[in-house]
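Subject: Structure handover

Hello,

I am passing on the structure below. Please have it open while you read the notes that come after it.

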Amino acid sequence: MSAALPASDRPLLRQRLRAERERFAQGADFAAAHAALAARLCSVLHQLEPACLGLYWPIRSEFNAVVALRDDPNCARIDWALPYTRREPREMQFRHWDRQAPRLVDDCRIPASDGAPVVPDVVLVPCVGFTREGYRLGYGGGYFDRFLAAHPQVTAVGVAWAAAQIPLEALAPAEHDMPLMLVVTEQGVVGG
């Protein structure tokens, strides 16, 4: 990230990082970065060996873990789950996913599964921004933080583009922010 922003200005930081991510996604290096991130994520998941993996449905220029993992032979034996979010009460649960086209759209207008509720042992968490210490900046709804706080046994793995790394001071994590175990980028693994 370029110049530091005031720590209290999360909306502006979020807007700036999303704009940078959109520019990156339109660039010539995007396909190679996607392939590199896919390989690193597969390697991490092989080490973690989840029985049930919580994914996310990619929006905007987020890394597409669904596409990256669907052809990986080691992921074929893993149960998959997708989040389902509600605005009232504000909560997120994961639901078993049969890997077919999602048949529901949740309250945030994101495709979701209509399967039975499950608690994955590993959850992939998309990051608009992240720190070396494992804190993330999301879209501002707090859904993943609430889910992780309610399920401390879940291993939380952040997924982000390397350019989204920011210093801890820029994010100024709040008391409710839940750190991730590690963050996987196209350039390597941060934390863990």
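The notes below cover confidence, the sheet, the helices packed on it and one cysteine.

This is a predicted model, in which local features need pLDDT of at least 70 and side-chain atom pairs count only at pLDDT 80 or more, while totals for chains, interfaces and linings use all residues. Residues are numbered from 1 along each chain as its sequence is written, and side-chain values use heavy atoms, with hydrogens and water left out.

Confidence. The average pLDDT (the predictor's confidence in each residue, from 0 to 100) is 91 for the protein, and 95% of the residues score at least 70. By element, the mean is lowest in helix 5 (residues 168-171), at 86, and highest in strand 6 (residues 117-118), at 98. Residues 1-7 have a pLDDT below 50, and this stretch has 19 contacts in the model beyond near neighbours in sequence. Contact here means heavy atoms within 4.5 Å. Where pLDDT is low, the predicted coordinates should not be read in detail.

Sheet. Helices (H or I, at least four residues) and strands (E, at least two) are DSSP runs, numbered from the N terminus. Eight strands form an open sheet with mixed pairing, in the order 6-3-2-1-7-10-11-12. Strand 6 and strand 12 (188-191) are the edge strands, each pairing on one side only. Two strands count as paired if DSSP finds at least two bridges between them. Strand 7 (122-126) pairs in the parallel sense with strand 1 over two bridges and with strand 10 over five. In the first pair Leu53 stands opposite Val122; in the second, Val125 stands opposite Gly158. Strand 10 (residues 155-159) also pairs with strand 11 (residues 182-185), again in the parallel sense, over three bridges, and there Gly158 stands opposite Val183.

Five of the five residues of strand 7 are buried, meaning under 20% relative accessible area (exposed is over 50%, partly exposed in between; 1.4 Å probe, protein chains only). Val122, Leu124 and Pro126 point one way from the strand, and Val123 and Val125 the other way.

Helices. Helix 2 (residues 30-48) has 19 residues and should span 27 Å at 1.5 Å a residue (1.5 Å times one less than the number of residues); its end C-alpha atoms are 27 Å apart, which agrees. Its buried residues include Phe30, His34, Leu37, Leu41 and Leu45. Seen down the axis, the buried residues fall within an arc of 165° (taken from the directions from the helix axis to the C-beta atoms), so they line one face of the helix. Ala32 and Gln47, on the other side, are exposed. Glu49, just after helix 2, takes a positive phi of about 50°.

Helix 4 (residues 143-150) lies across strand 2 (79-86), strand 3 (91-97), strand 7 and strand 10, and runs at about 80° to strand 3. For such angles, axes are lines fitted to C-alpha atoms, for helices over the stretch in contact, and values run from 0 to 180 degrees between N-to-C directions.

Cys127. This residue is in the loop between strand 7 and strand 8 (129-130) and is buried, with a relative accessible area of 4%. Not counting residues up to four places away in sequence, Cys127 touches Arg21, Arg136, Leu137, Gly158, Val159, Ala160 and Leu180. Cys127 and Gly158 are 31 residues apart along the chain, and their C-alpha atoms are separated by 6.3 Å.

Regards
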